[in-house]
Structure formats: C-alpha cells, structure tokens
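Trainee: I am new to this one. Could you walk me through the terms as we look?
Mentor: Gladly, let us begin.

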Amino acid sequence: MTLFPQITLTFMLYFLILSPTPSFSFNLTSLLSTFPELSTFTSLLSSTPPLTADLSHRTSLSLLAVPNTYLTTDPHLHNLSPSALADILRYHILLQFLSWSDLQHLPPSGKLVTTLFQTTGRATNNFGSVNITHSPNTNTVTIHSPAPYSSSNATVLSQLKMLPYNLTIFTVDSLLIPYGFDLMASETRPSILLNITKTLIDAHNFNVAASMLSASGVVNEFEAGEGGSGITLFIPVDDAFADLPPSVSLQSLPADQKAVVLKAHVLRAYYPLGSLQSTANPLQPTLATEAMGAGSFTLNISTFNGSVAINTGIVQAIITQTVFDQNPIAIFGVSKVLLPREIFGKNPIVSAKSPPESSAPPPYEDASSPTGFDVQPSHLSSPPGFGEDVSSDVASVYGSELFVFLLCCINLYLIL
C-alpha cells in the first residue's frame with residue numbers, strides 16, 4: 001500500500017477524535033422579530049427577563065406563538081401580573097422538538113408534551129403539560145390541557161419556521177391558559193415587603209451574610225424582586241464563611257465581583273422546598289446569570305439522602321433550614337458558601353475544616369443523578385444551550401491515548 005492513504009486515514013481519525021463537538025445557538029426573540037405578525041407576542045417574551053433566563057440553557061424546543069390578530073383580542077391579557085404573564089408564556093414553550101410531520105402522525109389518543117411551565121413546580125399535577133391531538137378527518141392539530149373538560153384550547157395554524165432538531169415555531173389561534181391557573185392570584189396576593197436583612201439577623205445564624213448583603217447594596221435588588229414571579233435565596237450560615245479555605249477571600253474581591261457572588265445565591269422565582277425537591281429542571285439560572293450572560297453562574301439542584309443539594313461546579317452545599325417561606329419569597333439556609341466556578345476556578349474547593357465524611361454530600365462528579373432528574377454536565381458554566389460551545393470531554397481527557405491506540409491498530413492492519 002502507498003503511504004498517502006495511510007497518512008490520509010490517520011489525519012481523518014485525528015480530526016474526528018480531537019475536533020470539538022459542533023454547537024448550535026439561536027436567539028428566540030431575534031428570530032421572532034423577523035415576523036411582523038408576531039410583534040405583540042415577541043414583545044411579551046422580550047419583556048420577561050426570568051423567562052429569557054429559563055431558556056438560556058435549553059435546546060430542542062417547540063414554540064406556540066399567537067399572531068397579533070388573535071392576541072390583541074384575547075381578554076386574558078388585560079391586567080395580568082408579570083408573574084402570571086411569565087407562566088402563561090412558559091406554557092407556550094414545549095420542551096420537545098416537533099416538526100409539522102410529527103404533528104400529522106400523532107396517534108389517535110394524542111401526545112402529552114411537557115412545557116416550560118411544568119418545570120417551575122407551580123403547576124398542579126401534570127397540568128403544566130399539553131395534550132396534542134390530530135384529526136385525520138379535518139387534518140387539524142389541536143392543543144389543550146390534559147385536564148378533562150378544560151375550556152382552554154388552540155388550533156395549530158401553521159409551521160412558521162424550523163431549525164432542525166433545535167427549534168420549531170408554530171402559530172396557534174388562541175392563548176393557552178393552564179388548567180387551574182389563577183390569573184389574578186398575583187394581583188390579589190398581599191405584598192409582603194419583607195426586610196431581608198432583618199429577617200436574617202433575627203434568625204441568629206446569618207450575621208455574616210446579612211452584613212455582606214447590606215454593605216454591598218444588592219439586598220435592595222433582592223427586595224425589589226419580591227414582586228413579579230418572586231425570589232428564592234440560599235443564604236450560607238455563619239459557619240460556612242468560617243469554613244472557607246485561606247485561598248478564598250470574599251472581602252478582597254472588587255465590589256462588582258462580590259455583588260455577582262451574592263447574586264449567584266438567588267433564583268428569580270419563588271420555589272418552596274417541595275418544588276426544589278421535585279423540580280424537573282435541576283440546572284437553574286441565578287440573578288448572576290441575568291447579569292453576566294446565559295449559561296453562566298448556574299446552580300444545579302438535586303436531592304441527596306432526602307436533603308436538597310445545591311452545586312456550583314466546585315462547591316456542593318445542602319439546605320439546612322427554612323428561614324422564611326411565604327409566597328412570593330423563600331429564604332433557605334445552606335451549609336456552604338456557593339462559590340461560582342466562573343470566579344474561583346474549576347477545581348473543587350477544599351474546606352479549611354472538612355466536615356465528617358458521613359454528613360457531607362459527595363462531589364458532584366461522583367454523585368449519581370437522582371430519580372426523575374436528568375444527568376447534567378459537570379462543568380456547569382458551559383451547559384448545552386444557546387450560544388454555548390460544547391466540547392468533547394473524551395477528546396480533552398483521553399484524546400491522545402485513544403488516538404495512539406487507534407493509530408497502532410491501523411498500522412498493524414496495513415502491515416498485515
């Protein structure tokens with residue numbers, strides 16, 4: 001055999017093994033802005049920052065967009081609170097890529113598809129999902145709640161745009177309302193106006209965090225977030241700060257980075273403990289995600305031995321107590337400071353005084369995904385999603401060894 005085919009084959013194997021996995025990214029509101037007939041729906045999406053954050057790490061979606069003709073006459077849009085509007089829009093985002101052909105070949109019983117609203121924990125039973133049916137007689141596709149006798153339904157008008165295996169935009173003739181959804185709940189809910197700093201001081205175990213929140217000024221932003229979809233705070237106990245290794249000095253950080261660290265402890269939505277224990281979407285964006293960009297400063301929330309575990313990629317903490325829980329505010333005490341890997345590096349942080357081995361959750365890389373949770377990438381700063389590059393860990397860790405082994409096998413084959 002000639003040398004040229006051998007070199008070509010070797011180069012091709014090297015390219016395939018070590019090349020990064022291609023990634024795909026898109027901006028949903030930017031795509032919708034090219035369709036004037038969806039301008040009102042697009043405006044609603046773009047004016048809801050928590051929803052944008054929810055979508056920051058997701059692919060394989062189907063969007064049910066309502067054209068202006070149907071949306072402007074919909075009575076449900078009047079006097080909606082921001083939180084109610086965000087949840088209704090979440091109900092129009094299906095967590096599955098579906099093409100027009102898929103809809104045309106649905107079984108007679110229909111297909112139950114989870115929406116983004118179901119992942120919030122605020123939906124009753126499976127009423128955060130939609131049932132999609134196809135009538136072969138009229139060739140119409142209908143979307144409605146899985147609840148019996150639900151009055152909210154819509155007909156699919158057309159497939160407006162498709163980005164294969166990542167996104168399909170369908171138009172529907174009505175706004176969909178989840179079954180049992182109280183449109184006025186947020187409007188009639190009394191404002192709590194909770195003083196977060198005072199609440200932490202009164203709890204007697206959060207003096208360090210209360211001092212940092214007050215000095216940084218971010219507590220004002222947190223309290224402003226009590227409206228809308230609510231807010232969830234994970235506050236480290238005083239011992240968690242004492243347990244930080246000498247290499248980690250929060251006080252020496254610039255003011256802007258210190259603010260980001262504090263924001264990385266907060267979710268832009270109200271999650272009671274039960275919702276955290278059963279969330280279908282363990283990878284959650286934080287207020288720092290909104291400030292620093294999609295896919296960054298996320299928290300991975302799972303369960304461990306009956307407790308809620310929170311992982312940043314280099315630190316894993318558990319919820320130790322409920323400080324305050326009344327819709328729309330939840331404050332939980334956590335065992336460790338949730339140090340973001342984007343600031344403190346990629347290596348796990350070793351505590352100055354390690355807790356007993358039996359009481360500490362295992363490192364995230366070694367932890368098995370609990371029942372009902374999807375296995376998430378260990379590098380939380382780059383989850384698969386919009387605008388993120390996903391590189392092959394196999395290539396980076398084992399690429400050279402694998403390549404040498406395959407090359408030896410090929411050479412042996414060519415010789416024989």
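Mentor: First, a definition: two strands pair if DSSP finds at least two bridges between them. Strands (E, at least two residues) and helices (H or I, at least four) are DSSP runs numbered from the N terminus. This is a predicted model, where local features need pLDDT of at least 70, side-chain atom pairs count only at pLDDT 80 or more, and totals for chains, interfaces and linings use all residues. Residues are numbered from 1 along each chain as its sequence is written, and side-chain values use heavy atoms, with hydrogens and water left out.

Trainee: What makes β1 and β2 a pair?
Mentor: β1 (residues 61-65) and β2 are joined by two bridges, in the antiparallel sense. The definition asks for at least two, so they pair. Leu94 in β2 is the bridge partner of Ser62.

Trainee: Where do these strands sit in the sheet?
Mentor: The open sheet has seven strands, in the order β2-β1-β7-β6-β5-β4-β3, with mixed pairing.

Trainee: Why is one side of β2 left without a neighbour in the sheet?
Mentor: β2 (93-94) stands at an edge with a single partner strand, so one side has no neighbour; β3 (111-114) is an edge strand too.

Trainee: How do you know that Ser33 makes a polar contact with Ser30?
Mentor: A polar contact is a pair of N or O atoms within 3.5 Å; within protein, one must be able to donate a hydrogen and the other to accept it, and residues adjacent in sequence count only if both atoms are side-chain atoms. The Ser33 side chain reaches the backbone oxygen of Ser30 at 2.6 Å, so the distance fits the cut-off. Ser33 lies in the loop between α2 (28-32) and α3 (39-46).
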